[in-house]
Amino acid sequence: MAVDAARTQEGFTSARAARVMAAACRAAGLDDRGAELIRLGENALFRLASVPVIVRVARGEEWLSKARVEVDVSRWLGEEGLPAARIVEDLEQPFLIDGHPVTFWHLIVEGDRKATYGELGGVLRDLHSLTVPDRLSLPSFSPFDKQELRVDRAVIPHDDKVFLRKRWHELRDKYTELRFETPKGPVHGDAHVQNLMVDDQGRVILIDFEAFCYDHPEWDLMVTAVEHHSLGWQTDVQYADFVAAYGRDLYDWPGYETLRGIQEFGMTTWLMQNVQENEETAAEYRRRIAGLRNDDAPRDWRPW
């Protein structure tokens with residue numbers, strides 16, 4: 001109990017993640033010396049210096065089932081020939097280190113450009129056309145499964161927590177009224193353009209399978225639609241390329257506004273997990289929570 005209490009008090013910081021990463025490397029027989037933290041978000045991502053491997057550290061044991069899905073999905077997409085991040089195959093994964101699921105991935109050597117929104121639309125079209133095999137057990141999309149835990153653990157003002165819990169219940173009520181137009185299939189679950197990488201051979205590669213599920217494809221189209229129509233993060237041309245490549249604009253669907261609320265809520269609670277890291281993150285959280293408090297206000301949120 002003392003260890004769990006200390007872990008809760010410390011939170012999931014970059015320092016804690018580094019200690020878990022080092023222990024996982026020892027368990028896997030890999031050298032962690034010179035490892036570099038490249039991202040701290042839902043997970044901590046480290047690039048090893050000794051071998052071309054990325055180490056992914058999840059926030060807690062409650063993410064273990066998602067880590068298992070990531071491993072299984074990576075293997076399946078490889079079999080399907082869809083360019084996707086590859087798990088390190090000669091390790092039994094995921095590891096569980098001090099209450100944190102840890103996975104090891106082959107490093108993708110990036111080329112000299114970023115993926116386009118047209119490419120994102122094309123990748124999602126190809127993904128959604130696949131048939132999930134019976135042996136692959138995938139959850140349904142659950143837009144609320146992490147939110148309550150995030151709010152409980154977040155280092156934010158009490159009145160923010162009260163507001164977020166109220167908004168959480170409102171969104172759940174609206175969610176129950178949604179009527180989707182498409183059949184269920186494989187869904188990435190966090191389908192923004194940053195989850196595509198272009199390698200040094202020019203291949204566009206899909207990454208980050210933590211939210212992968214079996215559900216309606218609207219959940220994947222939601223991300224770019226909200227980023228464009230609500231946040232203005234793409235030009236009209238970029239968004240038109242996305243729509244043309246996929247073949248559908250979610251903005252025309254009656255359920256868009258509900259999905260917009262769910263997406264903006266998730267973007268805010270995702271970021272608030274790291275407000276203790278630096279003032280820049282804390283300032284962006286304050287910007288986002290202010291936007292949630294006023295649905296009609298322009299969104300001046302910044303990509304993160």
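Me: What is the relative accessible area of glutamate 257, and how do I read that value?
Reply: Under 20% counts as buried, over 50% as exposed and anything in between as partly exposed (1.4 Å probe, protein chains only). Glutamate 257 has a value of 46%, so this residue is partly exposed. This is a predicted model: local features need pLDDT of at least 70 and side-chain atom pairs pLDDT 80 or more, while totals for chains, interfaces and linings use all residues. Residues count from 1 along each chain as its sequence is written, and side-chain values use heavy atoms, leaving out hydrogens and water.

Me: Which residue forms a salt bridge with glutamate 257?
Reply: A salt bridge puts a side-chain nitrogen of Lys or Arg within 4 Å of a carboxyl oxygen of Asp or Glu. Here the partner is arginine 260, with the closest N and O atoms 3.3 Å apart. Arginine 260 is buried, because its relative accessibility is 16%. The two residues sit 3 residues apart in helix α9, about one turn; helices are DSSP runs (H or I, at least four residues), as are strands (E, at least two), numbered from the N terminus. Both also belong to a salt-bridge network whose members include Lys166, Glu264 and Arg299.

Me: How far apart in sequence are the parts that glutamate 210 and arginine 56 tie together?
Reply: They are 154 residues apart, because glutamate 210 is in the loop between β8 (204–206) and β9 (213–215), and arginine 56 in strand β3 (residues 53–58). Their closest N and O atoms are 3.9 Å apart, and both residues are buried. The whole structure holds 28 salt bridges.
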